[in-house]
Amino acid sequence: MKSQNAGHDDARHEGRARTPSASSGGASATGRSDAARSGTARQAAVVHFENVGLRYGMGPEVLRDLTFSIEPGSFQFLTGPSGAGKTTLMRLILLALKPTRGFISVFGQDVSHISGEALTGLRRRMGVVFQDFRLLDHLTTYENVALPLRVQGREEATYRSEVVELLRWVGLGERMHVLPPVLSGGEKQRAAIARALIVRPEMLLADEPTGNVDPGLGRRLLRLFIELNRLGTSVLIATHDLQLMDQVDARRLVLGEGRLHIYD
Ligand SMILES: Nc1ncnc2c1ncn2[C@@H]1O[C@H](COP(=O)(O)OP(=O)(O)OP(=O)(O)O)[C@@H](O)[C@H]1O
């Protein structure tokens, strides 16, 4: 594995993005400038950050000069000590926070001056597993997982078997008709994962998705994320769990002291 400070990582990411002649410097044989190629790399990336900084209120900068891309169909872990800014970075990607400085694009779209409607459209393309699950207590497990499909306006008859199959897969077949308050922490986590996966998102963001489950189930959930990734979804998993990360030879984004280091 090699480490690179994400702040000096542009050339590698341009090479990674599927742009012709993206690895050489200056004007290329195609006649396109570095700036033009960089623009294409941004458009090709699912997420692109350039010199992004974030501070809460008048506090110190929590994230500094983050420059990196998440490519279509890629799989990566986001890690770093407690308080390093993993959740903050996820919230920036989710467009729940605005950066204090720098540039962010999501699905090729500059999000600095985006309308509320366009923002909702971009968010719908992402599946999210929050650390605190965010299940609705008055809906059953089945209804929670089916909710994103209902919001899309789909008829229950078109998705019922899909939802039931996914619930069985995550081991909640017997718990689909109960309300979240009676689920265990691990069961809530699996329900939250199923709800994120049911829409087959283009990008999945998961904050500590195996934090409340035993190692066996953690491996099973990891396999589910890998399978989703094989089907084309870009996956970003924030975790402290070294054992989990050691099971996959995946890229690691490591936050420390406000900076991002990337290990491919
Ligand atoms: N809403 C907020 N207002 C002010 N400071 C905040 C806020 N949210 C987070 N912070 C601070 O920003 C820093 C990064 O927090 P964040 O939750 O992103 O870290 P983390 O890496 O996800 O931590 P953990 O692994 O413990 O979940 C911390 O110092 C935290 O105290």
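Modeller: A residue counts as buried if 20 or more other C-beta atoms lie within 10 Å of its own, as exposed if 12 or fewer do, and as partly exposed in between. This model is predicted.

Biologist: Why is Phe107 placed in its exposure class, and which class is it?

Modeller: Phe107 sits in the loop between strand 5 (101–106) and strand 6 (109–110). It has 17 other C-beta atoms within 10 Å. That count falls between the limits of 12 and 20, so Phe107 is partly exposed.

Biologist: What is the phi of Phe107?

Modeller: Most residues other than glycine have a negative phi. Phe107 is not a glycine, yet its phi is positive, at about 50 degrees.

Biologist: Where does Asn51 lie, and is it buried or partly exposed?

Modeller: Asn51 belongs to strand 2 (residues 47–55). Its phi is positive too, about 50 degrees, although it is not a glycine. Within 10 Å it has 13 other C-beta atoms. Being buried takes 20 or more, so Asn51 in strand 2 is partly exposed.

Biologist: Is Met126 buried or exposed?

Modeller: Met126 is part of strand 7 (residues 126–129). It has 23 other C-beta atoms within 10 Å. The limit is 20 or more, so Met126 is buried.

Biologist: Which residues does Met126 contact, leaving aside neighbours within four places in sequence?

Modeller: One partner is 79 residues away along the chain: Leu205, whose C-alpha atom is 7.3 Å from that of Met126. The full set of contacts is Leu94, Pro201, Met203 and Leu205.

Biologist: Which element gives the most to the shell around the ligand?

Modeller: The ligand is surrounded by Tyr56, Gly59, Val62, Gly80, Ser82, Gly83, Ala84, Gly85, Lys86, Thr87 and Thr88. By class, these are three nonpolar, seven polar and one charged. With three residues, the top contributor is helix 3 (residues 86–93).

Biologist: How does helix 5 lie against helix 7, parallel or antiparallel?

Modeller: Helix 5 (residues 141–151) and helix 7 (residues 185–197) have axes 7 Å apart, at an angle of about 25 degrees. Angles under 35 degrees count as roughly parallel. Helix 5 is therefore, relative to helix 7, roughly parallel.

Biologist: Which residues of helix 7 make that contact with helix 5?

Modeller: The crossing is right-handed. Across the contact, the residues divide into five nonpolar, two polar and one charged. Helix 5 supplies Thr141, Asn144, Val145, Leu147 and Pro148, and helix 7 supplies Ala191, Ala194 and Arg195.

Biologist: Why is helix 5 described as it is relative to helix 6, and what is the word?

Modeller: Helix 5 and helix 6 (residues 156–169) pack at about 125 degrees, with axes 10 Å apart. An angle of 65 to 115 would be roughly perpendicular, and one over 145 roughly antiparallel. The angle here fits neither range, so helix 5 is, relative to helix 6, oblique.

Biologist: How many nonpolar residues are in the contact of helix 5 with helix 6?

Modeller: This crossing is right-handed. Thr141, Tyr142, Val145, Ala146 and Leu149 of helix 5 meet Tyr159, Val163, Leu166 and Leu167 of helix 6. One residue is polar and none is charged, while the nonpolar number eight.

Biologist: What share of the chain is buried?

Modeller: The chain has nine helices and 11 strands. Of its contacts between residues at least 6 apart in sequence, 69% join residues at least 24 apart. Among the 264 residues, the buried share is 34%.

Technical notes
Residues numbered from 1 in each chain as written. Predicted model: local features only at pLDDT ≥ 70, side-chain atom pairs only at ≥ 80, totals over all residues. Helix = DSSP H or I, 4+ residues; strand = E, 2+ residues; numbered from the N terminus. Contact = placed C-beta atoms within 7 Å. Near = placed C-beta within 6 Å. Nonpolar A, V, L, I, M, F, W, Y, C, P; charged D, E, K, R; others polar. Axes fitted to C-alpha atoms, helices over the stretch in contact; angles between N-to-C directions. Left-handed = near helix turned anticlockwise from the far one by under 90°.
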